[in-house]
Amino acid sequence: MAFAPKPGCPMCSIVSAGNSSAPGTPNSPTNAAKQNEILWRDDNFTVYRETACPVSSKGHIIVVFNLHVPSIYTLSSSDLPLLVTLRDVSHRLLSSLQTQATPLSSPAAHPQRPLTSASRLRSTRETFRIGFITPPFRDNKIPVTDHLHAHGYVLPADLMGWWRAVGYSPMAWYDIDDLIAEIREETSNNRVRSGVNPRPIDFVPGAGARRGTADGIETTDAPLGVIDTDVEQGEANPTSPMLLPPTPTTVRGPGSTPTTPTADSAIPHLRV
Ligand SMILES: [Zn+2]
Ligand SMILES: [Zn+2]
């Protein structure tokens, strides 16, 4: 396997811990001392909430690639759908954390709603920051530089000291929207700026995923993730399964009350 788990890597151990427990598993008291609150797990990512040293009191999440991928320079254009998924999952999880922090706020009350409205996308970009810290810079409280992971947090970063802020400064920070836009710009030969105002291309996860030479030879690399990147399909359905969290199976027998999945059940919170 190209990116096999590395012994001693803290991120690899978080991924394997997330794999060994089922979603919704109650806290094991023996693990209570040193635990990470796993918010999300799928074939590509394991997301946990940074509870020991968050940069924001409203929420700080770490999106860990399940593979021991060394850096963003390992990514190619065929990984664009993976990056779009990372961004959407992070938005949804940060929205749910924000809702927990301020229960009466309504804009994030429906984290299950697909990101289809431009105004919603714009508002989340003003509320959250999602991106990568590029080596040799690092978050000095989470000093992992050789296992690719994204940081996401709710603004303002009220718990970030000045020294730690270096890793989150423009010098070191690679915003996920900028990364997506730059890869698209390189492959699609379009000027695709990122910014506060989303463009139609932002709603097409596979845009720019294929690359090739002017004489029609395709040079697309194999993707890292396990997402079905059938780029011939064109625009992805916003309600496609890859954008939705694993929902617990709902059993509806005669006489039983149909259960409505709530945000809590759809985004399993478990501790490992
Ligand atoms: Zn690792
Ligand atoms: Zn980091």
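Is glutamate 186 buried or exposed? Some notes on this predicted model follow.

1. Conventions, briefly. In this predicted model, local features need pLDDT of at least 70, side-chain atom pairs count only at pLDDT 80 or more, and totals for chains, interfaces and linings use all residues. Residues are numbered from 1 along each chain as its sequence is written, and side-chain values use heavy atoms, with hydrogens and water left out.

2. There are six salt bridges in the structure (a side-chain nitrogen of Lys or Arg within 4 Å of a carboxyl oxygen of Asp or Glu). Three of the residues, Arg87, Asp88 and Asp177, are linked in a salt-bridge network.

3. Within that network, aspartate 177 and arginine 87 meet at 2.7 Å, N to O. Aspartate 177 sits in helix α4 (residues 176-188) and arginine 87 in helix α2 (residues 80-101), so this pair ties together parts 90 residues apart in sequence (helices are DSSP runs of H or I, at least four residues; strands are runs of E, at least two; both are numbered from the N terminus). Both residues are buried (under 20% relative accessible area; exposed is over 50%, partly exposed in between, with a 1.4 Å probe and protein chains only).

4. Arginine 164 pairs with aspartate 139 in a salt bridge, with the closest N and O atoms 2.7 Å apart. Arginine 164 is buried at 7% relative accessible area, and aspartate 139 is buried at 1%.

5. Back to the opening question: glutamate 186 is exposed, at 54% relative accessible area. Its salt-bridge partner is arginine 211, with the closest N and O atoms 2.9 Å apart; arginine 211 is partly exposed at 27%.

Notes:
Chains are lettered from A and ligands numbered from 1 in the order in which they are written.
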